[in-house]
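Here is a short briefing for the bench. Please look over the sequence and model first.

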2 protein chains.
Amino acid sequence: MGIVRVGVAYMKLKVTVLGINAGDKSIVVLNDEDAEELGVRSLGRVSVSLGKKELVAVLNTSKHVVKKGFVGVFDELVEELNLKENTLVNVTAAEFPSSIQYIKSKINGRKLKYEEILEIVKDVVAGRLSRVEITAFVTSLHNFGIDVDEAARLSRAMYETGERLNLNNAYIVDKHSIGGVPGDKTTLLLVPIIAACGVTIPKTSSRAITSAGGTADRAEVLMPVNLNLDEMRLVVKKTNGCIVWGGTLKLAPADDIFIQIEYPLSIDPMLMPSIMSKKKAVGAEYLIIDIPCGRGTKVKTIGEADTLAKDFIELGSRMGINVQCAITYGEQPLGYTIGPALEAKEALEVIMRKKNVPDVLDKVRNLSRMLLEMIGKDGKNMVDKVFKSGEAEKKLREIIFEQGGDSEIKPEDIEIGKYGMDIHAERNGHVIWINNHRIAIIARAAGAPKDKGAGIQLYKKIGDSVERGKRLFTIYAEKAGKLKRAKQVLEEEEVIYVGDRREMVAYEVKKTSDVKPSNS
Amino acid sequence: MGIVRVGVAYMKLKVTVLGINAGDKSIVVLNDEDAEELGVRSLGRVSVSLGKKELVAVLNTSKHVVKKGFVGVFDELVEELNLKENTLVNVTAAEFPSSIQYIKSKINGRKLKYEEILEIVKDVVAGRLSRVEITAFVTSLHNFGIDVDEAARLSRAMYETGERLNLNNAYIVDKHSIGGVPGDKTTLLLVPIIAACGVTIPKTSSRAITSAGGTADRAEVLMPVNLNLDEMRLVVKKTNGCIVWGGTLKLAPADDIFIQIEYPLSIDPMLMPSIMSKKKAVGAEYLIIDIPCGRGTKVKTIGEADTLAKDFIELGSRMGINVQCAITYGEQPLGYTIGPALEAKEALEVIMRKKNVPDVLDKVRNLSRMLLEMIGKDGKNMVDKVFKSGEAEKKLREIIFEQGGDSEIKPEDIEIGKYGMDIHAERNGHVIWINNHRIAIIARAAGAPKDKGAGIQLYKKIGDSVERGKRLFTIYAEKAGKLKRAKQVLEEEEVIYVGDRREMVAYEVKKTSDVKPSNS
């Protein structure tokens, strides 16, 4: 598609290099009066040309910073047109990209065709749309709700505009958790188990956004995770599996941009396409999706989880991916550790059969079994076999080695923050609930996930009996100052509630709270 | 409301002055790694403090431009905290303003209470919300539709956060057109007529956005319109009326920000609150709203116009403003001129009774009559009397004088662009339609509204019989280059269609157009 100039007025303007990179790819700033002369308003489009090169940029206007006769340009444009201070360029009004028409259709409630969605996603990736336009699109998807048709079209468009792994292995399987459970180290165990069974699992993971650690953060304690697509392919070819960070692979680059909009609004209309496009990009044919359910997770009730699961399965079938979902218990952290190093250590101890952590083992075993059963294998026995024989541990060490880590690593080699603080029970009773969200906040305050050794070691979980004065958990930090901050955060709100089992009133609602921060 | 720090981590960072003003009031840029350390993502909030001064800003992140240990600041923050290059400031994560909770409620389809809307509008005016958040709010208002309750709450909130005229006159009346008709010079005639009848009409008008001229642009040919609120009050006290530009009066400052979002999305959910808040701010008790109806205007059908009119009347009654609406014919330009100078000249000739322009006179007389009847006067006779006696002309000259213009101005003093080009009919027939939107585009290409003398003089209007070779219209421009451009634009699409009266097929739809720019 060529650049469509509106052609009402042209101006020759001098370049002012603004020296800033806005994240948005192409922004230019004009003086208010020049913009008026061109007949373009802020967030309209202008074409900037030098010689034969021409680019369309989003316009911002300014009264003072950019003087009449000048055009302020951000870094991306400086590079692409090879501009210098005072270079003379031609500036003219350009038409909005045609994808804006489709965004307007969506704003007005229309269901979009595949070609329309593809055009929008292409322009998002190319930086041709302003934040206002992308936000209107994302908000409208949320407001009207996306059905499986649109989810499938979005998934395909996000996949078509990204990179691909291109493996030719027989069965390619994958696993994804929609998240929300602190301390979920399932992937660190599931990947080597599946790979040890001879099945290919090219796993990409994310880093923490608001949690105390994503799988990529945990895995990084054991091995490098910043691999590129070629390196990832090589590891998978050698070991059947990998655990790498998906952030720089550009498997679905539109997703990274949509997330920037969704995060501050706490909405997630792209949940399904975001996951499925990336799974398609690694070539997954069999996929298990973990939907943790409970207070503090994304999905609060079994009913909601069930609906979501069915949508995932339907979407999968349209994309040629065989999907099954596991709705899992998400009311409390998984295992006894939260924070990258503590979790990596616990995972290593479990896979080495040094420690028996029942909930971790149960989840890992069942999800692995389901995946293997999907491809017609005797999942339960295979999992037990590779786990008990030590083949799973051996496979993890192979993966660590191929990704560039120390394959001889022992649990005691993993450094935990040297500053610790014990929290004791103030009464006798049982653990009635654990606030997942506060656990994450405290671990973050202590430095996780950036300080890998920071986190929380739990001693008691829901239902456990507790004695006054005994330890409930320990907070670890790498820096004394951060431990102090974690202590302050700890004092703001209860994190583990110890009470009597017969207590029936959870919370008293007395009046509408005007400002109630949402954790959803 | 104090600043709520999330308090997980503090950093001492050095200031990098970025030298740019983004329109958004408070933006800071951090290096990705520092942002991660603080636990804040792009578009999250950080508090920046120096000594006792503390401000909350919206965060942008960057990989390269801002180095680790530095915080890049935009101009507004530099001024407010009195920062210099390398000043050490404290940076920490801050909570999102509470109004974001209400925006999230709206995104999830909830109807908002007045206090919630007020909080949002306050934060919009204070620059505490990011473009993403404001866009999500505006888009959701559009998607869910605003009812009269919310329109009333928004109107009140926008009025409460703005300036007020505070007149104590007996009857204060006002007039507003929702626009869309090129060449609509009604206000230039209506204001002096009403004022000459002894009734107060403190009229504020807008400049053109996408049209060839707003009322403020037209009026500026006759007199200065950039008055402040005190100057405006003085003119009204002396003459009963005024025609000033509303753009700098800050009668509803939130509206200026909402418009920046609405314009690129071609949505207008704030249509009613935007108008009504400003009318309330000048103290209007009686208001007539002109709803032009036809192709190329905002409202396409009489049915839509009727619904909108009833909503305006209901909204008015809740705000203590007596509203009546006139649904007017909007299929073609009003009068024979488009462009500031041409229109001002035509208006002056009409009010001086030198020229009889039937559609202009009919509209002005009827709208004036309606306004006067609303306050119990014999509108028809009063309008005829002040018009025929020359009192209306005298009143216009008084207003021109008080606003600082030449009260002796004659039509022939008004300069029209010296470059002209006649467009002739290519066949015999009748004018079947005139494309309002193309008329505006051509006039803009010729230089309007910035070049006041640029525009279009029509000789034929809808239904007029046309002879081959006779002039249909003339395009005027102040600069030869712009006339040439107008000619190019003219050739792209038909603007005045001459045909036979019996022609029944308007347009043939053959297949879905993939890229159809919308003019709505």
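The points below cover the chain symmetry, the contact between the chains and one sheet.

This is a predicted model, in which local features need pLDDT of at least 70 and side-chain atom pairs count only at pLDDT 80 or more, while totals for chains, interfaces and linings use all residues. Residues are numbered from 1 along each chain as its sequence is written, and chains are lettered from A and ligands numbered from 1 in written order.

**Symmetry**
- A turn of 180 degrees and a shift of 0.0 Å along the axis lay chain B on chain A with an RMSD of 0.1 Å (least-squares fit on C-alpha atoms of residues with pLDDT of at least 70 in both copies).
- This is how a two-fold axis relates two copies.
- Both copies use the same surface: 96% of the contact residues of chain B recur in chain A.

**Interface**
- Chain B brings 54 residues into contact with 53 residues of chain A (contact: C-beta atoms, placed from the backbone, within 7 Å).
- Elements giving two or more residues to chain B's side include strand E1 (5–17) and helix H18 (480–492) of chain B (DSSP runs numbered from the N terminus: helices, H or I, at least four residues; strands, E, at least two).
- H5(B) gives the most to that side, with 10 residues.

**Sheet in chain A**
- Three strands form an open sheet in the order E16-E14-E18 (chain A), with antiparallel pairing (strands pair if DSSP finds at least two bridges between them).
- Strands E16 (465–466) and E18 (496–499) of chain A are at the edges; each has a single partner strand, so one side of each lacks a neighbour in the sheet.
- E14 (residues 429–434) of chain A pairs with E16(A) over two bridges.
- Gly429(A) has Val466(A) as its bridge partner in E16(A).

Key:
Two residues are in contact if their C-beta atoms, placed from the backbone, lie within 7 Å.
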